[in-house]
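Colleague: Please take a close look at one part of this model and walk me through it in a connected way, with the cut-offs behind each term. I would like the part where metal is bound.

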Amino acid sequence: MPLLGAHLSIAGGFYRAVEAAAELGMDTVQVFTNSPSQWSVGPDPANAPRPLAEADTTRFRDSLARLRIAQPIAHSSYLINLGSSQSSIWERSLRALKVELERAEQLGIRGVVLHPGAAAGGSDEQAMENIVRGLDELHAALPEIQARVLLENTAGQGSCLGWRFEQLAELIGRVSAPDRLGVCFDTCHAFAAGYPLATRRDFLATFREFDRLVGIERLEAMHLNDSKRELGSRVDRHEHIGRGKIGSDAFSHILRDKRFRDLPMYLETPKGEHEGEAWDAINLRLLRELAA
Ligand SMILES: [Zn+2]
Ligand SMILES: [Zn+2]
């Protein structure tokens, strides 16, 4: 049975996400290492951000051990765009991503999920080159670090790359240290990008394609989200499990597949409550039912 968790808030301290995960009966948790919509680094490279306080990272690690929350991962800031051809944005993105990996390392987090990047006005080919160069510089700047970048497949909204499995494969194939990269598979993004998952036949075909191009062995995490929008819409809108266009069958196929047995899987579905119960609790319960 895969480890199940959700993306949870670090408001009040990193350990709060761990406590919330335990209260919800989860096995694992995903967090941001800083505000996702604010830069962790200023425009001027001379001003380095402050490292995390040791009291905060220790409390996070202690809570994980005490509450038996395993394999925590981090999701990087949405502002980071290694695909940018604007040197000020690309350079700032690289510094911000470096900070994210350093923070993850301090927190004892192994995987940092990254949307590969967007062309944002430039060509796709140039953006791919920018991303490869960014990942190579990141790896060169952090030779000893355990924390790894997990490239996430995207919905292909706007000029975002990484929605085709071919693009993920190309990025991994072109970096100097491919073994320092893993992949996080998001069900909503894959479906929005045009990969069907609902019938057993579609599910098997989609993962056969993923395995052929990227490799199942590169999968280190999954994001379990239903989709508000239809197959191939290329619009990234997450929905509660079983209440979107993907439907609950797809999650049952994934959760029962032996190849994914040891993977951590995270909900990134909408927050809030339904009939007095947290949506995260409702979605988690449904996943456990679908896995049984
Ligand atoms: Zn995701
Ligand atoms: Zn998304």
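Modeller: The arrangement around the zinc ion (ligand 2) is irregular, because its 4 donor atoms subtend angles of 54 to 134°. Donors here are N, O and S atoms within 2.8 Å of the metal (3.2 Å for Na, K and Ca), and since water is not among the atoms, sites may look incomplete. As for the geometry, four donors count as tetrahedral if all angles lie between 85 and 135 degrees, while four count as square planar and six as octahedral if opposite donors are over 155 degrees apart and all others between 65 and 115; anything else is irregular. Before going further, note that this is a predicted model, in which local features need pLDDT of at least 70 and side-chain atom pairs count only at pLDDT 80 or more, whereas totals for chains, interfaces and linings use all residues. Residues are numbered from 1 along each chain as its sequence is written, chains are lettered from A and ligands numbered from 1 in the order in which they are written, and side-chain values use heavy atoms, with hydrogens and water left out.

The protein donors of the zinc ion (ligand 2) are His189 through NE2, Asp236 through OD, listed twice, and His238 through NE2, at distances of 2.0 to 2.5 Å. Along the chain these donors follow the spacing H-x46-D-x1-H. Aspartate 236, with a relative accessibility of 24%, counts as partly exposed, whereas histidine 238, at 18%, counts as buried; buried means under 20% relative accessible area, exposed over 50%, and partly exposed in between, with a 1.4 Å probe and protein chains only.

The zinc ion (ligand 1) lies 4.6 Å from the zinc ion (ligand 2). Its own coordination comes from Glu152 (OE), Asp186 (OD), His223 (ND1) and Glu268 (OE), at 2.1 to 2.2 Å. The site of the zinc ion (ligand 1) is likewise irregular, with angles of 79 to 167° among its 4 donor atoms. In sequence, its donor residues are spaced E-x33-D-x36-H-x44-E. Of these, glutamate 152 belongs to strand E6 (residues 148-152) and histidine 223 to strand E9 (residues 219-224), so the pair ties together parts that are 71 residues apart in sequence. Strands (E, at least two residues), like helices (H or I, at least four residues), are DSSP runs, numbered from the N terminus. Glutamate 152 and histidine 223 are both buried.
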